[in-house]
Amino acid sequence: KLLSRLRKALNRTSLRPTRHLPDNTVWGEICVLLRLCLSTSFDSGVQSQLYLPELFHLVTMLANTGSTEIRLMVHRLLVNTIHAMCTTFPLEEIKLARLKALLLSLSEPRNDSLFNIPCRDGVSVSSIQEIGVPALNATESLAVLLAEVSTVAAPSIDLSNAWRSRWMSLVASTAFQSNPAIQPRAFTVMGCLAREDVDDDLLYQVLVALRNSIGRFM
């Protein structure tokens, strides 16, 4: 219920869109729900397995946003989710070793930029804009990492495909809403997930959306 509420709150930001999420009237509710979701995420294998697409969608849309406290909460939510996979999923040794390596990489200084969290020497990296080339590069790198997690952590190929399909559905529903705060992120994640077997209708919708955006820009 918490994850559903958080996802719906994120969707409501498109009703009165702003350039940055923290400026939106729904931001306060998003922060409260995010804190509650974090509190339920530790060692929750059931939550990780049933709602992995929702968690990955929320993480990619909210990472690198807001105050340092909020960015750290998004990072911890992801770490807790993957930690729960490592401790509760019935995985082969090779897959488990790779999943633990991916989990460890999230705590390395080189990946701090994915969440725009303070550097290890205490210097803030908040100069990175929420929407811009550096931020979208960080979103792409994060989406690629999470896509690998969804493949490695799945106990079966069918479940992996189900996760990716659901994640793609959530991203697509966000990408085609006029919302400058998260729409570019959604298109970036979609590009990572749809690198093969792209549906013609989806490609057409992407082109229409980009045409309209370029028209407004010009």
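# Exercises on an all-helix chain

Arg7 touches Glu54, Leu58, Arg166 and Leu170, leaving out residues up to four places away in sequence. The model is predicted. Work each exercise with the structure in view.

## Exercise 1. Place Arg7

Task: Find the element that holds Arg7, and decide whether Arg7 is buried or exposed.

Solution.
- Start with the element. Arg7 lies in helix α1.
- Next, take the relative accessible area, which is 18% for Arg7.
- Apply the cut-off: buried means under 20%. Arg7 is therefore buried.
- Now check a contact partner. Arg7 and Leu58 are 51 residues apart in sequence, and their C-alpha atoms are 6.9 Å apart in space.

## Exercise 2. Read the overall fold

Task: How many helices and strands does the protein chain have, and what radius of gyration would a compact globule of 218 residues have?

Solution.
- Count the elements. The protein chain has 10 helices and zero strands.
- Write them in sequence order: α-α-α-α-α-α-α-α-α-α.
- Apply the globule rule. A compact globule of 218 residues would have a radius of gyration near 17 Å; the protein chain has 17 Å, so the two agree.
- Add the extents. The C-alpha trace spans about 55 × 45 × 35 Å along its principal axes.
- Look at contact order. Of contacts between residues at least 6 apart in sequence, 71% join residues at least 24 apart.

## Exercise 3. Surface and charge

Task: What share of the 218 residues is buried, and what share of the exposed area do carbon and sulfur atoms supply?

Solution.
- Buried residues make up 49% of the 218 residues.
- The protein chain exposes about 11000 Å². Carbon and sulfur atoms supply 57% of that area.
- Then count charges. There are 21 positive and 19 negative side chains.
- The centres of the two sets lie 8 Å apart.

## Exercise 4. Test two helix lengths

Task: What span should helix α8 have at 1.5 Å a residue, and what span should helix α6 have?

Solution.
- Helix α8 covers residues 157-175, which is 19 residues. At 1.5 Å a residue, α8 should span 27 Å. Its end C-alpha atoms are 27 Å apart, which agrees.
- Helix α6 covers residues 93-105, which is 13 residues. At 1.5 Å a residue, α6 should span 18 Å. Its end C-alpha atoms are 18 Å apart, which agrees.
- Finish with burial in α6. Leu96, Leu99, Leu102, Leu103 and Ser105 are buried.

## Exercise 5. Link α8 to α9

Task: Which residues does Val171 touch, not counting residues up to four places away in sequence, and why is helix α9 described as largely enclosed?

Solution.
- Locate Val171. It sits in helix α8.
- Check accessibility. Val171 has 0% relative accessibility, so it counts as buried.
- Compare with its helix. The buried residues of α8 include Trp163, Trp167, Leu170 and Val171.
- List the contacts. Val171 touches His57, Ala186, Val189, Met190 and Leu193.
- Check one pair. Val171 and Ala186 are 15 residues apart in sequence, with 5.5 Å between their C-alpha atoms.
- Turn to α9, residues 183-193. Nine of its 11 residues are buried, so α9 is largely enclosed by the rest of the structure.
- Name some of them. Ala186, Val189, Met190 and Leu193 are among the buried residues of α9.

## Exercise 6. Four more residues

Task: Place Ser160, Leu55, Asn64 and Arg16, then classify each by accessibility.

Solution.
- Ser160 is in helix α8. At 8% relative accessibility, Ser160 counts as buried. Beyond its neighbours within four places in sequence, Ser160 is in contact with Ser150, Thr151 and Ala154.
- Leu55 is in helix α4. Its relative accessible area is 1%, so Leu55 is buried. Outside four places in sequence, Leu55 touches Leu3, Gln47, Ser48, Leu77 and Thr81.
- Asn64 lies in the loop between α4 (52-62) and α5 (68-88). At 4% relative accessibility, Asn64 counts as buried. Its phi is near 70°, a positive value in a residue other than glycine.
- Arg16 is in the loop between α1 (2-12) and α2 (27-39). Its relative accessible area is 63%, so Arg16 is exposed. The C-alpha atoms of Arg16 and Ser178 are separated by 9.8 Å, with these positions 162 residues apart along the chain.

Methods
Residues numbered from 1 in each chain as written. Predicted model: local features only at pLDDT ≥ 70, side-chain atom pairs only at ≥ 80, totals over all residues. Heavy atoms only, no water. Helix = DSSP H or I, 4+ residues; strand = E, 2+ residues; numbered from the N terminus. Rg over C-alpha atoms; globule rule 2.2 N^0.38 Å. Buried < 20%, exposed > 50% of the residue type's maximum accessible area, 1.4 Å probe, protein only. Contact = heavy atoms within 4.5 Å. Areas by Shrake-Rupley, 256 points an atom, 1.4 Å probe, with all protein chains shown as cover. Lys, Arg positive; Asp, Glu negative; His and termini not counted. Charge placed at Lys NZ, Arg CZ, Asp CG, Glu CD. Expected span 1.5 Å × (residues − 1).
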